[in-house]
Amino acid sequence: MNVVDLVRLFAESLDVGVLVTDAQLDWPGPRILYANPGFARMSGYEASEVIGLTPRLLQGQGTSREGTRQMQRALRTERRFLGCLQNYRKSGEAYLCEIDVRAIRRLDGEPEAFIAFEREVVRRRGRPTRGGAGRYRPVEATAAEAFLSERLSAFD
Ligand SMILES: Cc1cc2nc3c(=O)[nH]c(=O)nc-3n(C[C@H](O)[C@H](O)[C@H](O)COP(=O)(O)O)c2cc1C
């Protein structure tokens, strides 16, 4: 069974967007080998439209060049990247995306493929509660906005 068949077995039913690419980081790679329905719901692209293309198709005017440079560096050195980038849906609408990419390695340690877990970052109102399993404690709207913009700007 190859990597894509294996990933498909668990990723088809996940809410999180899942992309698998080949290990070739230089243009025209990395090429998308698999996209799950969660990715299609978030991006507006069907899997059949993006297979063979590069995830750079999600980039646009507002995508930070510094962010993509960091990603390139991290994927080359650590074979791992975790961060937020501005992505664009097929409709042209921008969305902030938390992207967690890891290498799927062969036995010799070299990457066979990369897998990304992608989530849209939704601005929630409030502060995360300690040990609250994802719950947010409501605070006054303006304070919540200030708190969030502070947090989100850490990714710029
Ligand atoms: C599995 C995987 C998923 C990726 N997903 C995205 C993405 O959602 N948005 C994005 O801007 N770049 C994404 N990339 C990064 C680009 O494909 C590319 O590697 C990045 O732009 C850095 O290369 P460049 O400096 O040549 O553009 C992804 C890369 C991999 C390997």
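This passage describes the ligand site of a predicted model, followed by a surface patch and some backbone features. Because the model is predicted, local features are reported at pLDDT of at least 70 and side-chain atom pairs at pLDDT 80 or more, while totals for chains, interfaces and linings use all residues. Residues are numbered from 1 along each chain as its sequence is written, and side-chain values use heavy atoms, with hydrogens and water left out.

The ligand is a good place to start. It is surrounded by 18 residues, where a residue counts as near if one of its heavy atoms lies within 4 Å of the molecule. The closest are Arg-56, Gln-59, Gln-72, Asn-87 and Glu-118. Among these, Arg-56 places a polar side-chain atom 2.9 Å from an oxygen atom of the ligand, and Gln-59 likewise has a polar side-chain atom 2.9 Å from a ligand oxygen. For Gln-72, an N or O atom of the side chain is 2.8 Å from an oxygen atom of the ligand. Such polar contacts are pairs of N or O atoms within 3.5 Å; within protein, one atom must be able to donate a hydrogen and the other to accept it, and residues adjacent in sequence count only if both atoms are side-chain atoms. On its own the ligand has 620 Å² of accessible area, of which the protein covers 94% (Shrake-Rupley method, 1.4 Å probe; for residues, only the protein chains shown count as cover).

Two or more residues of the shell come from each of helix 4 (65-77), strand 3 (80-88), strand 4 (94-105) and strand 5 (111-120). Helix 4 gives the most, with four residues. Helices (H or I, at least four residues) and strands (E, at least two) are DSSP runs numbered from the N terminus.

Away from the ligand, Met-1, Leu-6 and Leu-9 form a nonpolar surface patch with about 400 Å² of accessible area together. Patch residues have over 30% relative accessible area and no salt bridge; like charges are joined within 9 Å and nonpolar side chains (Val, Leu, Ile, Met, Phe, Trp, Tyr) within 5 Å. A salt bridge is a side-chain nitrogen of Lys or Arg within 4 Å of a carboxyl oxygen of Asp or Glu. Leu-6 belongs to helix 1 (residues 3-11).

The backbone also deserves a look. Most residues other than glycine have a negative phi, and most peptide bonds are trans. The bond from Trp-27 to Pro-28 is cis, with omega near 5°, and that from Gly-29 to Pro-30 is cis, with omega near -10°. Pro-28 is in the loop between strand 1 (17-22) and strand 2 (32-35), as is Pro-30. Arg-79 has a positive phi, near 60°, in the loop between helix 4 and strand 3.
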